[in-house]
Amino acid sequence: MDDAMKNKCGDPERLPFMNPDLPLETRVDDLVSRMTLEEKIAQMLYNAPGIPRLGVPEYNWWNECLHGVARAGIATVFPQAIGMAASWNVDLMHRVATVISDEARAKHHEFARRGDRAIYKGLTFWSPNVNIFRDPRWGRGQETYGEDPYLTSRMGVAFVKGLQGDDPKYLKLVATPKHYAVHSGPESMRHHFDAKVSEKDLRETYLPAFKACVVEGGAYSVMGAYNRTNGEPCCASKTLLQDILRDEWNFDGYVVSDCGAILDIHAHHKVTETPEESAALAVKNGCDLNCGGVYRSLMGAVQQGLISEEQIDVAVKRLFKARFLLGMFDPPERVPYSQIPYEVNDCEEHRSLALEMARESIVLLKNEGWLLPLRRDLKTIAVIGPNASSVDVLLGNYYGTPSKPVTAIEGIRAKVSHNTKVLYTPGSELVGRDESWGAAPTRGFSEALATAERADVTILCLGLSPKLEGEQGEVAASDGGGDRLDVALPKVQQSLLEAVCALGKPVVLVLFGGSPLAVGWAHEHVPAILYAWYPGQEGGTAIADVLFGDYNPAGRLPITFVKSLAQLPEFTDYRMRGRTYRYMTEEPLYPFGYGLSYTSFGYDNLALSKKSIAAGEELTVSVTVENTGKVPGDEVVEVYLEDLESSVERPIRELVGFNRVHLNPGEKKTVSFKITARQMALIDLAGKCVLEPGRFRVHVGGSQPDKRSLELTGAKVLSADYEVTGSPLEVEY
C-alpha cells in the first residue's frame, strides 16, 4: 500500500481485507461484502472511481505495452510485435517482456506516489495481440505475431510470462491476450461483423494461441473482441467466455471488453435492444470489466430483473482478486516488484536490448551477387525515400516515446567512415496525391535521380507507415478503416524505385511496414532487399549494422508475402482454405519462415527416436546443423509436420518446432525437438482433437520444404517418415 493510500486508510489492520496475512479469497470476500451495489457497478468500469470510506483508491484499468510501455511518456520502444515475431527467438521475447514489465512497475509506483492514477498509469496491460494474421490487408496485423498458431503461441506465452513475472504470490503485471476471438478485420466492419467459422477452423487456427497464453502462460485477463463469432457477440458469448475459456481451459481471471464493444451489442449487432440488456448479457456470460460506459446501466438491469446482485458480485470479486494479486492493498515492502527503481526506465541496458531485438527482427529477402554487406568506406552513398528520416516508421502503433530514436539515415551516417559522403533526399511522399498549384507527386524525383547518379550505391527506404495501416479511425491514408486496399508498394514509391533502378547503379531496398508487400518487380530488378518492419527506437542503428556487416541477418518471415491480392479469398471470408502457408496452394512471393543470411548452413544426421510409435507417444527429432560459410551467424532451425493419410482436410504442413542457434564458421550443433501427440492430432469436422494412426513426414531445415522456399534459399530440407500405430485416440485439445 503506497503512502497516499495509507493516508486514506489509516491503520492497515483495521479491516480484514487490509490484512496481508489473511487468505486471498477471504480478503476479496470481505472487501466486496462492504460495498454497496452502486459501488460494485462503478468498479466494473475501466475508469473505476475510488471508495474513500473503504480506503480503495481510484483505478484505471486501461494500459498498453504491445512493444514497450505505451502512452505514458518516455519508455524503451522495441520493434513492433510483427517484427519481434520475425526474430523467431522465444528467449529474447521473454527478456523483452521482462524489461517492459520492469519499466511498467517503475512508472506505476512513481506515478502513484505522486497521486497520479490516470489512464495508462496502472498495472493491467491490454497486450499481447495474439489474433491470427490471416489476411495481409488487415491494418492491425502489425500488432500480431503473424499467421501461424504455433509461432504465435510460443511468442505469446513468452510475452505473457515476462509481463506477469514468476513470484509465487504476486503478479508483476496482468497480461491480457486479445482480441478473443476470430478477429482480424476488416476494421471498418468490426463493430457489426459476424465472423462465421467452422468448429474445425476455430480450434485448429483461431483458438490455439489464446489457449496457450491462458493455460501455459497463466494470463490473468483476456479481452473480448468487437465482432460476433458465429452469431454471438464475443464480449457476451457463452460459447467463448464460459464454455471454452472457463469450463475447458479453467481460466480463473477476468475478462475485459474491447472499448465500446458492449455498446455494439445493441447499437450495431442488434442482438439486444437496450443498454441494460447488453450489460446483463455480457456480465452473465463472463465479461467482468467494461471499457466503455454501458455497465452503468447494470443498476437498471438489476431493477428490471435482468441480472442479480449475486451475479454482479462474481465479476467484482474477479476484478479485486487481480488487484490484490498485484499487491495494491499490501505494504510495499511485501511486494518485490514495488522496489524496482524508476531509473530502470529507458536505461542503457534496455536500449541495448531494443537494438538486439531490432537486429534479430530484420529479414534479408534478397542478396544477389552478394551486394551486401556494403563497404563502409565507399566514396558516396545516396539514401533516398520517404521512410529514411521518419520516426513514425520506427514506432508502428501502440507505442511509447523514445528518448533517442535513431532513424535509418542517422544510423547510416553514424556507421560509415568519415571519408564517406552520405547524400539524402526523400524523393517522394509516402503516397502520391493530386495537389494544387501544379505540384506533381513526382516533384522530388529529379533531386532523387541527381543524388543517386552521384553515388556508388543507393539505399532506398520505402514501404508502409502507420499512416497507411493501422486501427479503425487512426489511419488517414488507408481505406478509411485502417486496412489496405492493395498490398503493392504505393504507386509513387514504385515509380521512384523504377526510376532510380533505371540509372543502372547498385541499389539496396530497405522496406518498412507491419504487413506483407507484393514487391515482385523489386524482387526481379533490385539486387538486395531487407525488410525492417517497424523496428523500434534503435531501428536505424540495427539497419546500418546489417547493411554494413556488423550484424548478420537471420530474421524469418512470420507471414506469407503473396504476389497479389488475386491469390487470396475475400477479406470477409474467415475460412482458412487458401490462406497462409498452411492452406495456400499457389506459389507466394516470399514464403512463411523465409529469410537469408550472409553465411550458409548445412544439415545432417536427421534422426527420429522411433520409426513407429503408439498413438499417444511423443516423437523426438534431432538434427545436426553446421555453419558452412565464412562468417558467424544465426540459423533458425524449422520443423514442419505433414500428415500423409489424414481422413479430413488438414494443413498442407504445420510448424511444430523451431530454434534459433548461433554458429561460428565450421561450428556444428545438434538440436532436438519433441513432437507431441497433440501436434500430430487433427481437428475433425466436429471440432474434436483426434490422433489417427497412419504415416507422417517430418521436415527439418532453415525453411519450409516447399518448392519456392528451396528455390529462394538454395538450401536443402531433410525429411523422414514415421508411422503412428493403434486405434484412433481422442487427445486433449
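**Exercise 1. Which residues of α5 meet which residues of α6, and how do the two helices cross?**

*Solution.* Start with the contact in this predicted model. On the α5 side, look for V90, M93, H94, A97, T98, I100 and S101. Their partners in α6 are R154, M155, A158, F159, K161, G162 and L163. Sorted by character, the residues of this contact give 8 nonpolar, 4 polar and 2 charged.

Next, turn to the geometry. Two packed helices are described by the angle between their axes and the distance between the axes. Helix α5 covers residues 90-113 and helix α6 covers residues 149-164; their axes come within 7 Å and cross at roughly 30 degrees. Angles under 35 degrees count as roughly parallel, so α5 and α6 are roughly parallel to each other. To finish, note the handedness: the crossing of α5 past α6 is right-handed.

**Exercise 2. At what angle do α14 and α20 pack, and what is that arrangement called?**

*Solution.* Find helix α14 at residues 348-361 and helix α20 at residues 539-547. The axes lie 8 Å apart, and the packing angle is about 50 degrees. Now try the classes: roughly parallel needs an angle under 35 degrees, and roughly perpendicular runs from 65 to 115. Neither fits about 50 degrees, and α14 and α20 are therefore oblique to each other. Here too you can name the handedness: α14 passes α20 in a right-handed crossing.

Then list the residues that meet. L355, A358 and R359 come from α14, while T541, A542 and D545 come from α20. This contact divides into 3 nonpolar, 1 polar and 2 charged residues.

**Exercise 3. Is G369 buried or exposed, and where does G369 sit?**

*Solution.* First place the residue: G369 belongs to the loop between β8 (363-367) and β9 (380-384). Its relative accessible area is 68%. Exposed means over 50%, so G369 is exposed. As a last step, compare sequence with space: G369 and A528 are 159 residues apart along the chain, yet their C-alpha atoms are 8.7 Å apart.

**Exercise 4. Why does the radius of gyration of the protein chain agree with a compact globule?**

*Solution.* Begin with the expected value: for 733 residues, a compact globule would have a radius of gyration near 27 Å. The protein chain has 26 Å, so the two agree. Now add the wider picture. The C-alpha atoms fill a box of roughly 75 × 70 × 50 Å along the principal axes, and 65% of the residues count as buried. Among contacts with a separation of 6 or more, 77% join residues 24 or more positions apart. Finally, the chain holds 23 helices and 24 strands.

Notes:
Residues are numbered from 1 along each chain as its sequence is written. This is a predicted model: local features need pLDDT of at least 70, side-chain atom pairs count only at pLDDT 80 or more; totals for chains, interfaces and linings use all residues. Side-chain values use heavy atoms; hydrogens and water are left out. Axes are lines fitted to C-alpha atoms, for helices over the stretch in contact, and angles run from 0 to 180 degrees between N-to-C directions. Helices (H or I, at least four residues) and strands (E, at least two) are DSSP runs, numbered from the N terminus. Angles under 35 degrees count as roughly parallel, over 145 as roughly antiparallel, 65 to 115 as roughly perpendicular and the rest as oblique. A crossing is left-handed if the near helix is turned anticlockwise from the far one by less than a right angle, and right-handed if clockwise. Contact means heavy atoms within 4.5 Å. Ala, Val, Leu, Ile, Met, Phe, Trp, Tyr, Cys and Pro count as nonpolar, Asp, Glu, Lys and Arg as charged, and the others, Gly among them, as polar. The radius of gyration is taken over C-alpha atoms; the globule rule is 2.2 Å times the number of residues to the power 0.38. Buried means under 20% relative accessible area, exposed over 50%, partly exposed in between (1.4 Å probe, protein chains only).
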